[in-house]
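Here is a friendly walk through a predicted model, chain by chain and then contact by contact. Please have the sequence and the 3D view open as you read.

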Amino acid sequence: MKTKNKSMIILFLAPSVLLYLMVFLYPTVRTVVMSFFKVEGVTDSVSLWKFNGLGNFKTLFNTPLFVSSLKNIALIWLVGGIGVMVVSLLFGVILTSGVHGKSFLRSVIYLPNVISAVAMGTMWINYVYNPDFGLLSSVLKSIGLNELAATQWTSPEMVFWSMLVAYCFGMVGYHMLIWMSGIERIPVDYYEAATIEGANVFQRFSKITLPLLKGVCRTNIVLWTVSTMAFFVWSQLFSPVNLSASTVTPMSYMYELVFGASNSAVTVRDSGAGAAIGVIITIVVVVVFMLSQFIVKNDDVEL
Amino acid sequence: MKRKLSSLMAVLLTCAMVLGGCSGGATESNGAAAGGESKGEGKSDVTLTYYSMWNETEPQGQTIAEAVEAFKEKTGITVDVNWQGRDIRKTLQPALDGGQEIDIFDEDIERVNKTWGKYLLDVEDLAKKSYDTTDGKPLTDVINKKLVELARSLGPDGKLSTIPYQPSSFMVMYNKDIFKAAGITEPPKTWDEWLADCAKIKAAGKTPITVDDAYMASLFGYHMARLIGKDKTLAMVENKKIDDPAVLTFGQQWQEMYEKGYISKNAAGNIYPAGQQEVASGNVAMYLNGTWLPNEIKNSAPADFNWGSFAYPAVGKDGDGTNANQYGAQCFGINKNTKHAEEAFQFIVFMTTGEWDNKLAENSIGVPMANDAHLPKQLTEAKAVLDATTIRYPWAVGMEDVADINAKIKTNFALLVSGKLDAKGFADAMKK
Amino acid sequence: MKEKKIKEKINWKKEMALAPGYIIVGIWVIFTFVLIGWIILASFSTTREIFDGNIFKFATGLHPENYVKAWKTQKVSSYFMNSLLYTAISCTAVIILGAPAAYVLSRFKFRGNGLIQNLFATALGIPAIMIIMPLFSLFSQLHMNQSKGLVIFLYIAVNLPFTIFFLNTFFRNLSVTFEEAAAIDGCSPMKTFWTIMLPLAQPGIITVSIFNFITIWNEYFISLIFANTAKTRPVAVGLYSMIQSMRYTGDWGGMFAAVVIVFLPTFILYIFLSEKIIAGVTGGAIKG
């Protein structure tokens, strides 16, 4: 029986573990090593690599575009994160408070998630943000805010925020679902007891819902971090021709560095620096993960 | 439950079989692409792999696809086109590095020669031969000499390594009907005339000029070169410092353009291709752009759109005159590791001479490569500009060579032409 | 959901208290409809109408030919078939590989079990940026880049950790009595898994497969790098390349038609299966 189990365990696990080693472990290790070397082309053999110490990291931090990309991703994570979390929690609370048509509303709010970002982005740029006939400017005009309606939503000082709003719009549904599943696990009698004792909506929310949602909150933060660090398509959509300081992200910068620039110019590729970007991003993910573990302690409430 | 499972398993099994079938198919087609090494007499059975900068849906792509058919009929050589579109800027180099079998590739003449120079086969000798579409003359004698010279000067070690096609030039493209309506008979040659004409266009109820993020760097580069000359402009990029005192002059002149409402109010927020759509809709008169513009907006502009072109006006006494312009072309290059150099060159000749040269130009409102080429009527004025050109600017007068500088121009110029920065603020921001 | 079927009498006092909630969610929902509605209208218009902001007037009538153009000349049909192939095969293979692994991890105690589980969990946090470069280099040495087989392979490998992670929790929640009964009947563990446990896990498998389907259908980055040729592009990258070529040909009506064609399958799937999908999202994420 024991040996039978053993062969079964090996047989069942081996393919998955092998794939994991090949597609996750090996590349991760190699990328980390690569980040300390001067490597031009991504396919260059190891014999062409030259040890560069922390040189790649130094070069990156002296490149204005990369610094902009870090600033952008930090803002996306923080401001977008707060926005998405607040709105999605609000929607989660509203939808679990006994409204009619809950599943319909929930489905519609989640809907943007299933549509390709390329489709959504094109629509935002060409319709919502269009200064002549766009949705935003016509709505603002119709309520008399003509000055605001004349805003160039995709100009350099606005394009970052426009991009962020468009991105966050799609993310709300996803995080709302996660909040909702957390809220729905809270026993109803907690609320009933609180209501009997005269607690109002806000008290019930802050005294019961919030504390019991800590675990879900951590999940949301981790998921948000992982998805924002891969921020790429939206940046490409909002600066389709070449990189702009206001929309560049580490991922899109890496894409240029490793695979060649889209400018019609002579730019040397630098895959070593691309690897260094990967390492930096991974460190950020790990740090955020540990911080969220630390701040929202696991053992608080297990739901 | 049992039945459900068995049907699920049936689905899985079918899919697994498809998987097997598919991966089998993939190797097969790989085999076909790698094969065909034997050289035959007369009708060849060689297969060439061509990484194309076009999408199959563009007029150029459609024409090339037809040409590939005709070429196969004539020579027996199969050209396997890999339609990359402009993504070729990212995909070609890693593919070449990785040793993928690619015989022909194409892109902008500067990019192919400078960025991809080390992959190119020297074609001097092949180009000296005559082909059945060259009337017994060497290829280099029947195609645009200016561009052959350019290709040679850009080529690795000054050797001709690419064959240009689809010539283009960068100048002010304008709507002649708007000019007529505004009472402008002659396009401007100097900045003062330019401003005067802008005033007339504005008075006629139209917007004089627009731009979007794709062409801001070009506009800045052109204007700077008109202020301080090509060499000094390129030197700024070289030193990565946009600090010439004339940057302030640029700022003042375009601040004036903004304040007088001569530049479209949407310019700052235009994301390509929003700028040229403003021209297509007939609201904007001018756009500093490529001679490809009539082709790119032919679907959204009225069919009888009256195109004109003139060189960017002369601005300062220390700068270049209207005889300095960017011109270039797309070009074909051959991979130096190819096993079929001759066949590949044969295809290039087929595309750049005779019937298909003309068809390509015709379908894309472009310029043929032949020396005695007939130009589409949209580009008759452009030809005059090009003929008068003696100094060549590189693309965007170098302003796109450094990603950081390009990004800086896009941000600050947009702020300048939306009134968020004044001339001084612009010059300071560019210096940083 | 089902027990709520009986219509409650509308309690106006309660509804009034909920009014602000209705308004906020209502605005959001209307906005979503307007956005998607605009795309659909634009797909029936001409380029001129789109850029003049006149798509609601249909001055030149409907233009269903946009769809024909998009399907045929824009090669949407080919991208569509590629995506279908990629998603169908990867979703199936992920289950075939992932379900046994998840089962073993959830049921058997052995050395390294915890480690392996942790390994799969960390994969969920490894950014794509960390793995693509070595993989690209590796597969180009093997001359496998830009082939359909490779993308499928990568989709399987990349989606395995989440699938295992999800099914692991699912198996854990299944009672062991099934296996005990089977063992008494003399059924081998292997057979027990295929004939008893896998069918029991069907709801979980369906949920995670739907989730995988949507992820793979809309996947962009991996296919951008590993399958960016006219023959291998899936819909997301195909759509982006179409948008790029659109700049040079200016056929915006056709482009939006392509957008609609691309999002239609996920949309239809979503309409029918939204409950399942939502269950998949929440079920998979909650334990993270």
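Helices (H or I, at least four residues) and strands (E, at least two) are DSSP runs, numbered from the N terminus. Residues are numbered from 1 along each chain as its sequence is written, while chains are lettered from A and ligands numbered from 1 in the order in which they are written. Since this is a predicted model, local features need pLDDT of at least 70 and side-chain atom pairs count only at pLDDT 80 or more, whereas totals for chains, interfaces and linings use all residues.

**Two chains in outline**

A few terms help with the table. A residue is buried if 20 or more other C-beta atoms lie within 10 Å of its own, exposed if 12 or fewer, and partly exposed in between, with C-beta atoms placed from the backbone. Two residues are in contact if their C-beta atoms, again placed from the backbone, lie within 7 Å.

| Item | Chain A | Chain B |
|---|---|---|
| Helices and strands | 14 helices, two strands | 19 helices, nine strands |
| C-alpha extent along the principal axes | roughly 75 × 75 × 30 Å | about 75 × 70 × 45 Å |
| Buried share | 50% of 303 residues | 56% of 432 residues |
| Share of contacts at separation 6 or more that join residues at least 24 apart | 68% | 75% |

Both chains are split into domains, with bounds that come from an automatic or database domain assignment. In chain A, domain 1 covers 1-34 and domain 2 covers 38-295; their C-alpha centres lie 32 Å apart. In chain B, domain 1 is made of 45-167 + 328-379 and domain 2 of 169-326 + 384-431. The C-alpha centres of these two domains of chain B are 31 Å apart, and their contact takes nine residues from domain 1 and 10 residues from domain 2. For residue classes, Ala, Val, Leu, Ile, Met, Phe, Trp, Tyr, Cys and Pro count as nonpolar, Asp, Glu, Lys and Arg as charged, and the others, Gly among them, as polar. On that scheme, the side of domain 1 of chain B that touches domain 2 of chain B has four nonpolar, four polar and one charged residues.

**Where chain A meets its partners**

Let us begin with chain C. Here 73 residues of chain A are in contact with 73 residues of chain C. The elements of chain A that give two or more residues to this side include α1 (2-34), α3 (64-95), α8 (156-184) and α14 (271-295). Which of them gives the most? That is α1(A), with 20 residues. By class, this side of chain A has 52 nonpolar, 17 polar and four charged residues.

Turning to chain B, 34 residues of chain A are in contact with 31 residues of chain B. Two or more residues on this side of chain A come from each of α3, α8 and α13 of chain A. The class make-up is 16 nonpolar, 15 polar and three charged residues.

**A strand in chain B**

Why is strand β3 (residues 104-108) of chain B described as largely enclosed by the rest of the structure? Five of its five residues are buried, so β3(B) earns that description. Strands pair if DSSP finds at least two bridges between them. Strand β1 (residues 47-52) of chain B runs parallel to β3(B) and is joined to it by two bridges, with Tyr50(B) opposite Ile104(B). Strand β8 (residues 324-334) of chain B pairs with β3(B) in the antiparallel sense over five bridges, and Glu107(B) stands opposite Cys331(B) there. In a regular strand the side chains alternate between the two faces of the sheet.

**Two aspartates in loops**

Asp318(B) sits in the loop between β7 (307-310) and β8 of chain B. Is Asp318(B) buried or exposed? It has 11 C-beta neighbours inside 10 Å, so Asp318(B) counts as exposed. Not counting residues up to four places away in sequence, Asp318(B) touches Leu227(B), Ile228(B) and Gly229(B). The C-alpha atoms of Asp318(B) and Lys230(B) are separated by 10 Å, with their positions 88 residues apart along the chain.

Asp213(B) is in the loop between β5 (207-209) and α10 (216-228) of chain B. Asp213(B) counts as buried because 31 C-beta neighbours lie inside 10 Å. Leaving aside neighbours within four places in sequence, the contacts of Asp213(B) include Ser239(A), Val241(A) and Ser244(A), as well as Asn270(B) and Lys410(B).
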